Amino acid sequence: MHSTNTGILDKKVYIPYMSDAAYALTAAFKRCGVDSDVMDEPDESTLDFGLKYTNGNECMPCFVTTGDIIKVIERPGFDAKKSAFFMPTSPGPCKFGQYNRLHEMVLDNMGYNEVEFLIPSAKKSYTDFVGDKAVLFRRVAWQGCVAIDTLEKALYRVRPYEINKGDTASVYKECIKLVTDSIEKGKDLYETMAECARKFEKIPRVDEERPLIGVVGEIFLRLNKFTNNFTIDKIESLGGEVSVVPTYKWITFTTYEYSMNALMSRKIKDIFLSILVNYYQKKDENNIFRPFKKLLRNHKETGIGKILSYSKKYIDLSLGGEAILTVGESIDFAKKGCSGVVSIHPFHCMPGSIVQTLSKKFREDLNNFPWINLWFDGQESTNLMLRLEAFMHQAKQWQGVRNDLPEAA
Ligand code: SF4
């Protein structure tokens, strides 16, 4: 078994489905001349396969991705020599950095030791792969993620108010196709996003404002519908509108950390590279969001520096990872006037346990802002709907109340 960040030109790269941003990555690979496909969305069979080859004590995204990899391998005609699995990694205080090792061991034990893994690292803000097309790949993958995340924001903004059921989902699907085509063929993505914004704005909708619910937590579960038991659909069915911390926020966070580490280590090359990455990321984010500015006025992302300034009262930032982000994003949602926050975590998640422990304190500081911690382990939870009903009742009462708190709170 080998890990590779360059030897993939003659292989098909499989992307695990966490969110629809996976389609941006396949499009970016294709743009760089590499065949690529998104793995099937997780379902019950994912859990059957995943739990068969793990012991169930791993974090849920770990055994879910294991199951999805095995589903690809078991497909008729799968060619181990011509396949690679994309599995980013991260250093830091949690188990994410170990996923790829476990996957390699499972595949070795199954006799698939020719399959390769493509493992970009958060340590360098994922700037470290795809040979001579690395710069192009990094840029278009980033643009694609931001674009698809922005479409998803528009989906959540418009769907709860649509007059004709299904209109928003169908526009969303059409726009995903426009964006992936644009990336693959090197068209003007900013122009494509302007076209998409016009399509969303034309959807007929009722004139009302539901309570806005921030969705924070562990990246895989908060974004993946199957693994969080379709929590977002449930919130909408109970009368809420959601704003979910998007996939690309993690990338901005890794870029921020990369910049800080470069400055501290005084490595000129890394400092220069991090300045460039920051500049282009911000430029793309602004240009991609611009046509949606009016529609998504309550859904604009707050910069990472500000998010971390909120967390630092409660948690030492040197811890890094998901916990400091989740605390900061929650406070940000409260300050932006949301009516409540849903914090989603896998069972056994270390950052999730930290957030749960701290949530009592920062909720008190936010005047007991409506908040719910949800934990998932792959089992159907019978009381999820009941808990969400109680939470939404509180959120509706909170709607319109603003937490005018001091900057450092
Ligand atoms: S954030 Fe939680 S679920 Fe995700 S890898 Fe780390 S410990 Fe596991």
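This talk describes one protein chain, its overall build, the residues around its ligand, and several of its helices and loops.

Good morning. Please keep in mind throughout that the structure above is a predicted model.

I begin with the chain as a whole. It contains 15 helices and nine strands. Its radius of gyration is 21 Å, and the globule rule gives 22 Å for 409 residues, so the chain is as compact as a globular protein of that length. The C-alpha trace spans about 60 × 50 × 45 Å along its principal axes. Of the 409 residues, 49% are buried. If we take the contacts with a separation of 6 or more, 75% of them join residues that are 24 or more positions apart.

Let us turn to the ligand. Which residues surround it? They are Cys59, Pro61, Cys94, Lys95, Phe96, Glu218, Glu322, Pro346, Cys349, Met350, Pro351 and Gly352. By class, this shell holds eight nonpolar residues, one polar residue and three charged residues. Helix 14, residues 350-365, supplies the largest share of the shell, with three residues.

I now come to the helices, and I shall take helix 7 in some detail. Helix 7 covers residues 189-201 and has 13 residues; from its first C-alpha to its last it reaches 18 Å, close to the 18 Å expected at 1.5 Å a residue. Which residues of helix 7 are buried? They are Leu189, Thr192, Met193, Cys196, Ala197 and Phe200. These residues lie on the same side of helix 7, because they cover an arc of only 145° around the axis. On the other side of helix 7, Glu191 and Arg198 are exposed. The cover over the buried residues includes helix 5 (134-158), helix 6 (167-185) and helix 11 (268-289).

Just before helix 7 there is a loop that deserves a brief look. Lysine 187 sits in this loop, between helix 6 and helix 7. Lysine 187 has 13 C-beta neighbours inside 10 Å and therefore counts as partly exposed. Apart from its neighbours within four places in sequence, lysine 187 is in contact with Ser182 and Thr192. Thr192 is also one of the buried residues of helix 7.

Helix 5, one of the helices that cover helix 7, is my next example. Its 25 residues reach 36 Å from the first C-alpha to the last, close to the 36 Å expected at 1.5 Å a residue. How many of the 25 residues of helix 5 are buried? The number is 21, and helix 5 is thus mostly covered.

Helix 13, residues 321-335, may be treated in a similar way. At 1.5 Å a residue, its 15 residues should span 21 Å, and its end C-alpha atoms are 22 Å apart, which agrees. Helix 13 is mostly covered, with 14 of its 15 residues buried. After helix 13 comes glycine 337, which has a positive phi near 95°.

This brings me to backbone angles. Most residues other than glycine have a negative phi. Asparagine 229 has a positive value, near 55°. Asparagine 229 is placed in the loop between helix 8 (219-223) and helix 9 (231-237). With 18 other C-beta atoms within 10 Å, asparagine 229 is partly exposed. Asparagine 367 is not a glycine either, and its phi is positive at about 55°. Its place is the loop between helix 14 and strand 9 (371-376). Is asparagine 367 buried or exposed? It counts as exposed, because it has 12 C-beta neighbours inside 10 Å.

Another loop residue is asparagine 55, found between helix 2 (44-53) and helix 3 (60-73). Asparagine 55 has 7 C-beta neighbours inside 10 Å and so counts as exposed. Asparagine 55 and isoleucine 232 are 177 residues apart along the chain, and their C-alpha atoms are separated by 29 Å.

My last residue is glutamine 394, which belongs to helix 15, residues 384-398. It has 16 C-beta neighbours inside 10 Å and therefore counts as partly exposed. How far apart in space are glutamine 394 and glycine 340, C-alpha to C-alpha? The distance is 8.2 Å, although 54 residues separate the two in sequence. Leaving aside neighbours within four places in sequence, glutamine 394 is in contact with Gly340 and Pro370.

Thank you for your attention.

Notes: Residues numbered from 1 in each chain as written. Predicted model: local features only at pLDDT ≥ 70, side-chain atom pairs only at ≥ 80, totals over all residues. Helix = DSSP H or I, 4+ residues; strand = E, 2+ residues; numbered from the N terminus. Rg over C-alpha atoms; globule rule 2.2 N^0.38 Å. Buried ≥ 20, exposed ≤ 12 C-beta atoms within 10 Å, placed from the backbone. Contact = placed C-beta atoms within 7 Å. Near = placed C-beta within 6 Å. Nonpolar A, V, L, I, M, F, W, Y, C, P; charged D, E, K, R; others polar. Expected span 1.5 Å × (residues − 1). Arc of directions from axis to C-beta.
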